[in-house]
Amino acid sequence: MQLAIKILIGLLIFYLSVMFFLPKKELYFLAEKQLEEQKLIISDEKIDEGIFDIKLSEGKLFFEDMDVATFENINIATTLFTNSAEITNFIPAQSLQDIIPVGIKTLLLTQSIINFDMVDIELSGNFGEAEGVVDLEKREIKLFFKTDKSKSFTKLKKYLKKTKEGWIYEKKF
Amino acid sequence: MKKSFKSKFINFLLLLLSIVLIVKFIFFISKQFLPAEGVSQKISSEQKPFFYTFKATNKKNAPVKKKLKIKKPPKKNIISIKKFELIALYNSTDVKLATIKYNKKIDTILAGEVFEGYKLISIFQAYIILNKNKKDYKLEIKSGKDDKKPSYKDVKKPKIKKSIKLDDEEFEPKKIERKKIDYYKNNLEKVWKDITIMPNKKGKNSDGFKVLKIKKDSDFHKLGIQKGDIIKEINGRELKSNKDAFYFFKNLDKIDMLQISILRGEEIKEIEYEVR
């Protein structure tokens, strides 16, 4: 019994030290370099490293040197078994607002070690609410939108497909 | 008994401490292999505008203009330069630009910009002054009989292997209604329905935009664009990335002239429209 407790304490200390000493900032920089290869750049962001998470604030998103969007906060957290990123106030750049009539208030991405190829998405904004998945294996995004009476949702409909399940956005990447 | 418990407890604490230290050491080592700095968007140098006013009139229909005051060239020892070819120039109070050819490279530069190490410092009616290493070089426009009035007739079209010869009639720019341009600017999905273009990749870079699909009888088709064409330049500016294409789309309402340079097969074709 005493041995089992000792092992448990040992594992707990190991887990906490991994979480505490994990070079989060450097791993984020590595992710940034990989995103840069896809021509996606997160710029001008303020980085705060927490004990279990990393917080980016007031950043800009560029794609192929184009100013695409701004965000207020991105909170990336990991428990080693699950990863999550919560994005708040993700606003498309002024020049894109006619094309992408979507202002995202909150976007939550979660990935679990059990189903590593699937990333769950929940989002809400001026268009209402939506949820869906990113299938990393099939390289596919599927979002289910709840019908909303807002103007933004009406504008968004041209990018969506109407099915029995409701309005769906599908994209292969 | 107590001593033994104490020593066991201390041993256990030491074990826990060593776990923490090992983890710390592993991450310290791995940190050395990870990037220490993030990526930031580099501010690109000033972009050449798509929307300069480029009046293309042939001599027959050219409106009679008052004589322009010709600036006197600077009293300096000016050397003529032969390795470049001056294809076109534009000189107004707002915009001064020149199109220069060197080997197969053609570039349109604004006053103050540098081409092949030569800075464009002045533009006159029939020539430009370039400066390199504090020396001034004069580059005259290639023309026939009338040196002082360069017209579109004088503009030499870039060649790859063969070039389509355009006569005076073809130089007469056709007209396109501004309301059509405004319509497309405000209805991007209509653009997507009528034409599909993709960057024409050459290695990591692209040398234009390939037309993958074009709707027959659409305005783009009427412009003279065909499936398989590679759109190389618009209004003298190369289309090398989505950014260039998007920048042009964003500034569509500011153009007075639409000059599209297209690679069709092995030929470069120029399409010119005046926006009215």
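In chain B of this predicted model, five strands make an open sheet with mixed pairing, in the order β1-β8-β7-β6-β5. Strands here are DSSP E runs of at least two residues, helices are H or I runs of at least four, and both are numbered from the N terminus; two strands count as paired if DSSP finds at least two bridges between them. β1 (78–80) and β5 (114–115) of chain B stand at the edges with a single partner strand each, so one side of each has no neighbour in the sheet. Further in, β7(B) and β8 (residues 135–140) of chain B run antiparallel and are joined by six bridges. Across that pair, B:N131 stands opposite B:D136 in β8(B).

A word on conventions. Residues are numbered from 1 along each chain as its sequence is written, while chains are lettered from A and ligands numbered from 1 in the order in which they are written. Because the model is predicted, local features need pLDDT of at least 70 and side-chain atom pairs count only at pLDDT 80 or more, whereas totals for chains, interfaces and linings use all residues.

**Chain B as a whole**

Chain B holds six helices and 16 strands. Of its 276 residues, 19% are buried, meaning that 20 or more other C-beta atoms lie within 10 Å of their own (12 or fewer is exposed, anything in between partly exposed, with C-beta atoms placed from the backbone). Among contacts in chain B with a separation of 6 or more, 52% link residues 24 or more positions apart; a contact needs C-beta atoms, placed from the backbone, within 7 Å.

The largest nonpolar core has 18 residues, and B:L86, B:L89, B:A98, B:I128 and B:L130 have the most contacts inside it. Such a core is a set of buried Ala, Val, Leu, Ile, Met, Phe, Trp, Tyr and Cys residues joined through C-beta atoms within 7 Å. The elements giving two or more residues to this core are β2 (85–91), β3 (96–102), β4 (105–110), β6 (118–123) and β7 (127–132) of chain B. Apart from this core lies another, of twelve residues, including B:I195 and B:I262. Back in the first core, B:L130 is in contact with B:I81, B:Y118, B:K119, B:L120, B:I121, B:Y137 and B:L139, leaving aside neighbours within four places in sequence.

**Where the chains meet**

Contacts between the chains involve 26 residues of chain B and 26 residues of chain A. On the chain B side, α1(B) gives the largest share, ten residues.

**Strand pairs in chain A**

Here are three antiparallel pairs of chain A, all involving β3 (residues 53–63).

| Pair | Bridges | Opposite residues |
|---|---|---|
| β1(A) and β3(A) | four bridges | A:I42 and A:L61 |
| β2(A) and β3(A) | four bridges | A:E49 and A:I54 |
| β3(A) and β4(A) | ten bridges | A:L61 and A:A69 |

β2(A) and β3(A) form a hairpin with three residues between them. The hairpin of β3(A) and β4(A) has two residues between the strands, and A:E64 there takes a positive phi near 50 degrees.

**Other positive phi values**

A:D44, in the loop between β1 (40–43) and β2 (46–49) of chain A, has phi near 60 degrees. A:D44 counts as partly exposed because it has 13 C-beta neighbours inside 10 Å. In chain B, phi of B:D217 is near 70 degrees, and B:D217 counts as exposed, with 8 C-beta neighbours inside 10 Å. A:K39, just after α2(A), takes a positive phi of about 65 degrees.

Terms used:
Two residues are in contact if their C-beta atoms, placed from the backbone, lie within 7 Å.
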